[in-house]
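Please open the model in your viewer and keep the selection panel at hand. The tour proceeds from one selection to the next, with a short account of what is found at each stop.

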Amino acid sequence: MDTKATLLIGATAASLGLFSTGAFAQSSVTLYGMVDLGVQYLTNANSKHDGVAGLQSGNVYPSNWGITGREDLGGGYAAVFKLENGINMANGATQSPSSFFNRSAYVGVDSPYGTATIGRQYKIMFDMSLYYDPTYQAQYSLLSAGLIPDGTTLSNAIKYKSITVGGLSGEAEYSFGQQDPGHMAAGSYAGIGLDYQFRSFSTRVVYEQTRGTIAAPVDTSSELDKRFSAAAKLRIGTATLFAGFLNVNGQLQMSPDGNMYWGGAYYQITPALGVSAEVDHYQTRDNGHPNWFIFEGTYNLSKRTSLYVFAGYLDVGGGKNYTLNYLDTSSPGNLNQTGVIAGIRHAF
Amino acid sequence: MKTTRILTAGLLAIMLSSANVFAQGPSPDASAPVSVKAANRALAKSVRRALGRTKGLDPTRIYVKVSNGVVTLSGNLRNQKQIDLAGSTASGVQGVVSVDNRITIFDEGDN
């Protein structure tokens, strides 16, 4: 995200004498992005037990590009914004048909007391789970298991992110949802999270609740999806261990009612080569007990470019609609799946 | 983990015993590997502690290895600024000769 292509617009303008005072000096706009593309082979991709092979975009992290900016307002305050578009590198299409800057579109103020932003932004569960997942929420990850159903981003959202004090930091977010007159609660979201870091150990808790939407004639706006999660990680030598827990309840069930457990490890074999493994288990009340077994390896060619491989196995455990790759939203055959991916990722 | 510890202990024991053997021989410097290893480990610990105390860094994502005062940093951080901060923090630790900064960028698209 840090990039060579930083345009010091304000500074340039100031140096051209457009401003009479130096108060607006530190302003910047940065162009950044991440392009990630690989080849995937996935078994049981339809109900006839057929496999599928092809290009797959955003395997380690969704391919994206964006513009972010910051204007110093003085006294430790700054105006901030971000516009980020998700792209499918395999065909050049935008990731979302309905939202161009689908990954982020927000503006706000950064202060000595924290950052407040409004617009389209990540859910708390995404912000506070990314680095508690051994594969950093890749296409085979906790996202496959349904930790963050219905996308990682919210529209119409207000977010506050605290500063870190003594290792402790927090976030809170509210989304107005559908903003439908007469149904103000429809699709609304509220979430809060706390993170604590002590030396090589860190832990976090998140609570989120999402209300159902109205899409006539279906009205689920009286139903809630409530999820509580706790997770921790510990670095030992050149390895990091991960463990976590999620409880889902409420009528809405964006993912099935039940408890999810995960554990895994990342091991930095050499400075350029790292491997990770994770197991996700979902003990649902009435949709089976699926397991996801995921292995990943990354070889860094540079600070910004790496090659990677993934291997995953999904055991549906008697459940329906589970998938190995989180981009496949429901399984056509409710079958066990095996997948492998090899690709390249470059950040600019 | 256990196996690693046993292996390390075994290696140390072998080195210690060989050092003892060599101590009686013509080379009085042969006991060096043990103390060098201990020094490497102590320095790595100091670097990790310094990184853990640095505001804005996530020490669960930075890996430290030390060989003769040369520190190799790996893992990943959000941006170049954080990578530079980790590098300069490590350089500032007493006893560090140089820093090979191999930390890569992994950004969640925030900040």
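Select A:Gly33 and A:Trp65 to begin: A:Trp65, in strand S4 of chain A, is the bridge partner of A:Gly33. Helices (H or I, at least four residues) and strands (E, at least two) are DSSP runs, numbered from the N terminus. This is a predicted model, in which local features need pLDDT of at least 70, side-chain atom pairs count only at pLDDT 80 or more, and totals for chains, interfaces and linings use all residues. Residues are numbered from 1 along each chain as its sequence is written, while chains are lettered from A and ligands numbered from 1 in the order in which they are written.

Extend the selection to residues 27–42 and 64–74 of chain A, which are strands S2 and S4; the two pair in the antiparallel sense over 8 bridges. Strands pair if DSSP finds at least two bridges between them.

Next, add residues 337–347 of chain A, strand S20, which runs antiparallel to S2(A) and is joined to it by 9 bridges. Here A:Met34 has A:Ala347 as its bridge partner.

Then select residues 52–57 of chain A, strand S3, also antiparallel to S2(A), with 6 bridges between them. A:Gly54 of S3(A) stands opposite A:Gln40.

Now display the whole of chain A, which holds 3 helices and 20 strands. Its C-alpha trace spans about 70 × 55 × 45 Å along the principal axes. Of its 348 residues, 43% are buried (20 or more other C-beta atoms within 10 Å of the residue's own, with C-beta atoms placed from the backbone).

Turn to the contacts between the chains. Which residues meet there, and how many are they? On chain A, 27 residues are in contact with 24 residues of chain B, contact being C-beta atoms, placed from the backbone, within 7 Å. The chain A side divides into 8 nonpolar, 10 polar and 9 charged residues; Ala, Val, Leu, Ile, Met, Phe, Trp, Tyr, Cys and Pro count as nonpolar, Asp, Glu, Lys and Arg as charged, and the others, Gly among them, as polar.

Display chain B, whose elements follow the pattern α-α-β-β-α-β-β along the sequence. Buried residues account for 32% of its 111 residues.

Finally, select residues 80–91 of chain B, helix H3. Its buried residues are B:Gln82, B:Ile83, B:Ala86, B:Thr89 and B:Ala90. These cover an arc of only 130° around the axis, which puts them on the same side of H3(B); the arc is that of the directions from the helix axis to the C-beta atoms.

Definitions and conventions:
Two residues are in contact if their C-beta atoms, placed from the backbone, lie within 7 Å. A residue is buried if 20 or more other C-beta atoms lie within 10 Å of its own, exposed if 12 or fewer, and partly exposed in between; C-beta atoms are placed from the backbone. The expected span of a helix is 1.5 Å times one less than its number of residues.
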